[in-house]
Amino acid sequence: MLRSVAAAEPPQSPKTASQPTILAANRGEIALRIIRAGRELNMKCIAIYSFEDRLSMHRTRADKSYQIGSPETHTPVGAYLAINDIIDIAKSKNVDVIHPGYGFLSENPQFAAACEAAGIAFVGPAPEVILACGDKTKAREMAIKAGVPVVPGSDGAVKNATDAVAFAEKHGLPIIIKAANGGGGRGMRVVRDMESLPMLFERARSESLSAFGDDTLFIEKLIEKPRHIEVQILADGQGNVIHLYERDCSVQRRHQKVVEYGPSFLPEAKRQLLLDDAIKLAKASGYKNAGTVEFLVDQNDTHYFIEINPRVQVEHCVTEEITGVDIVASQIQIALGKSLPELGLTQDKIQMRGFAIQCRITAEDPRQNFQPDSGRISMYRSPGGNGIRLDGGPAYSGALISPHYDSLLVKCIAVGRDYNASRLKMLAALSEFRVRGIKNNIDWLMKLLQHPTFAAGGKVWTTFIDDTPELFRDYEHEQKCGQQLMRYLGELIVNGPQVPGQVGVPELKGEAIVPELPNAPPTAATVSCLKGWRNILVDQGPDAFCAAIRKHPGVLVTDTTWRDAHQSILATRVRTIDIAKIAPLTSHALQNCFSLESWGGATFDVSLRFLKECPWDRLDILRKLVPNIPFQMLLRGANAVGYTAYPDHVVYEFCEHAVKHGMDIFRVFDSLNYVDNLKLGIDAVKKAGGVAEAAISYTGDVSDLSKKRYDLAYYLDLTDKLVADGIHILGIKDMAGLLKPRAATMLIGAIRKKYPDLVIHLHTHDTAGTGIATYLAAVAAGVDIVDCAVDSLSGQTSQPSMGAFVASAENTGIEPSAVQALSGYWEQIRLLYSPFESPMPPSDSSIYYTEMPGGQYTNLQFQSRQLGLGKEWTRIKAAYAQANRLCGDIVKVTPSSKVVGDLAQFMVAQNLSEQDVHDRAGTLSFPQSVVEYFQGYLGQPPYGYPEPLRTKILTAKNVHPVNGRPGASMPAINMNDLKASLIEKFGDDIRDVDVLSAALYPKVFDEYRTAIDLFGPIQLIPTQYFLRPMEIGEEFEYIGEEGNHMIVRFVAVGPLDEITLRRDVFFMIDGEARVIDVPDKAGEKTAKATSIVRVKADPKSKHECGAPMAGLVVDVPVKEGQAVKMGQPIAVLSAMKMETIVAATMDGVVEKVCVKQGDYIASGDLIARVVE
């Protein structure tokens, strides 16, 4: 417990015998500390505040509080520096004593003199002592005169950079520039090379002038790796001076203290010398009240005087805890005339007990060089327990942290019997803190306290943070799931659905129920089946697996529900969480299924692009839940799972990782049936250990003998080439549903006759409604496997009904009742994803004319709506057939189908006929996909390119054709360099599969990771809350990673702030009130002309220089059109009493400057754009 001085007889004010009044001339934590001490002394407490601090806690905790001026008359900091205004309030309210705290006016002799002139006691030394101590040059002279050792330094103030250079040349580097009237690390710069000295001198001068109103500087020789140890003193008006022992304040950043502890680890003899010199200096200066004598201590434990701080220090709590003396209350008593003996404070009574450590919890980001942060605290939870003290200020749930003031949120002090005990208490306390909504240093402090050097005690030095880069690597940066979750939910509440293509909200409001499976174990919904075809594949390999398939007496089924079915009907938007829920039951219901098509194709990029899920994680999750059924994926040959060509090694690495993560069967196809592209994919799959199912993409009509293209001979020749390449399975990929029953009989029958041992797998779409008939004809002709979808996701542009097929065919191994059970679940899921349903007829036989793939049918409808062509769907279908002819009547499957679709939409949007395209090909701005197709980036079409159309397009675009397989001539991607760049951009959690995703989809992966960093693991949000805004009062359970559950309740949404164009959204999370502010995009569109809506910088672009923090622009030293070098200052910001230089990120020319001196800007605002 602190020694109570309130127990003494209450002081009598010189003005009145009634309750004395104290005014706290400060803000935040120290103002609250003063108010508490005043209350203990039975005083009436008055607070002052700026307009920006009108919601601050210190205002409400005082008995009375008064605003200083207005935004028109005072800046946020200027209000607390307004001597005349503060004195006027104090006089009008009959204030007896003013406590200035620390910072602001605490070291201003004019303020102390003004208090004295007004007859008000000032808590601090006399004006002339403040002047002598505050001027570091004079304080240094005083120390020398008193015989106290000092660091070699300038003889008085240094007037300019030239004099600074002369000092450096005489005494050598390194040196340190200091503000003569500075404190708290402001106005300080370390110089280690002569080239930067002039610039650093000017920056120190500017910061000193801004912070203290005085640009006087002095210079000292820099002592390497010193400790910063300070002695707390108390002195009264009768000449009594005592010390309260020392504190070690060596852990600093930007010369500002971060962690302090006491006592230090000085040997006793050295400690006594230090304490004696502190007393000597206090007496020499005629000191009164509390102060701190600060020293640097070198590695030999020799101390050098730095300065006297004539005020209470932020870290005074450490001394209070190890001595039991209430320093703030003692200050007030001394100011009102009490002597130290009257307070029971004599040197013989001051004893040390135990150890205390103080950590400053600040709104700063250690990962970004401790850049201050500002904004609303959405959640604040503090620790407690034996030996824990908290001195708080601005931090509480809902508090707005201003960019105008110091970044301190709360001080946490841990007290233990020894150093390690207090360190462990502090670690426990820090682990209990929860501060959300703004960046803070809590996690980093925990890393610091566990560092071996800090844990050893007494081994740190003043630049320990700068000299220890491992403090910023690999520390567990706590994932603030609640904050990220609120950010996503709030975005949905304020701005509506976020997933592209979504129309409306889900029809299903409740939770999808997993049905019971007839004749299955009671645990089938949660415990996976282990029996299935995959066991043969894993145990005996692809060849034995295929041999077993051929020996099977019936026909097997592949279930496409997990991929192509929802791609065709629900625009590929089904999320992993909803597939995983039915996965264990599926492993039982379809245990005799040949495969589950679950991955690849469009699901890969849609997962990243729209669902913000990692497709590799999806594969891992589903593989674990279904160990018994082979997984099948769609591989676009040399295009892997992309829409363009890639270097060969990317395809090989992709297949290798896919097999490692549980993929079994690769349906390898090429959008043009280009054999060279197919061969690359086949080889990559076989080398990875997968099953190579080479697929022939079917188009045309082999039953129409009048057609000269894509006849039976074409497909048999293609089959010959693939079989010669050593495929395991032949796939017939009828992506548009063009294979009629008679054609199936002809095609399958001819292949079976020629290759009796070849496994044949047929895939079709039911767009025209003939799918089941085609399958039954194929079974009769000798097909081994067909693709079906569970009934509720079958038909139309999806695959034929599994229920209908297993009821019609023999020996499928699948029970109709099992299909019905699964269908019941997917019927609910279809309602859940109803916003992505596309209007389509039950069947559409026009596909025999348009030849549009089923999977593209719904996606093209969606794209047409996005382009404003939704009402032109009939025209687009007709244009699709024309675009196909323009491209040379090609095979149409991703990505060639995309080329045809893009050209069709282009023709409708530009009102072009087929002949118009031929006639105007040299002047039209074709879609890029069309140009790349004609260049040859997809490979070579079976019947060549149409001429002269191709030549016209390439000539107009001034591009050259690509001959042969595109990937063969592409330079390799340096995957190690790519991984390094991703780690630099997104952090150390980048995996090899992430590098592959980035190689395949650079921009999409970048957007995905940016979204994950912003919103967290949103793949775990239940789908209905992922797709629709919560309703007021609605509640759900969020089941996070590793059992991290949260109960989330939406409470309210606030009005639009017409200045910031944001809304507050209020939640209860696990019963605690939380709030987050969300930009209102509708508000941005209707913003008043007077509102300043600044453009944000792209943090990934080297051309755009953004504000690293919110603050005031104090200097813009560049102009538009000016050439700059990388690292050259383009702006200087001031925030939370710290100046930060924003530097050019590249050599170039300043294209645009977006700010001017005097602007207040937010973090991330664009400052300037630099171009090459």
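This report looks at salt bridges in a predicted model.

## The overall count

Let's start with the whole picture: searching the entire structure turns up 65 salt bridges. Side chains of opposite charge can pair when their charged atoms come close. A few examples follow.

## A link between a helix and a strand

R563 and E597 pair through their side chains, with an N to O distance of 3.3 Å. R563 belongs to helix α18 (residues 561–570) and E597 to strand β24 (residues 595–600), so this salt bridge ties together parts that are 34 residues apart in sequence.

Are these two partners buried or exposed? R563 is buried at 2% relative accessibility, and E597 is buried as well, at 0%. Both values fall under the 20% cut-off for a buried residue.

## A pair within one helix

Next comes R609, which forms a salt bridge with D605; their closest N and O atoms are 3.1 Å apart. Both residues sit in helix α20 (residues 602–611), and because they are four residues apart there, about one helical turn separates them.

The two ends of this pair have their own surroundings. R609 is partly exposed, with 28% relative accessibility, whereas D605 is buried, with a relative accessible area of 3%.

## A buried pair and a network

Further along the chain, the side chains of E1034 and R1028 form a salt bridge, at 2.5 Å from N to O. E1034 counts as buried at 16% relative accessibility, and R1028 is buried at 3%.

Salt bridges can also share partners: in this way E230, R247, K257, E260, E294, E315 and R360 are joined into one network.

Notes:
Residues are numbered from 1 along each chain as its sequence is written. This is a predicted model: local features need pLDDT of at least 70, side-chain atom pairs count only at pLDDT 80 or more; totals for chains, interfaces and linings use all residues. Side-chain values use heavy atoms; hydrogens and water are left out. A salt bridge is a side-chain nitrogen of Lys or Arg within 4 Å of a carboxyl oxygen of Asp or Glu. Helices (H or I, at least four residues) and strands (E, at least two) are DSSP runs, numbered from the N terminus. Buried means under 20% relative accessible area, exposed over 50%, partly exposed in between (1.4 Å probe, protein chains only).
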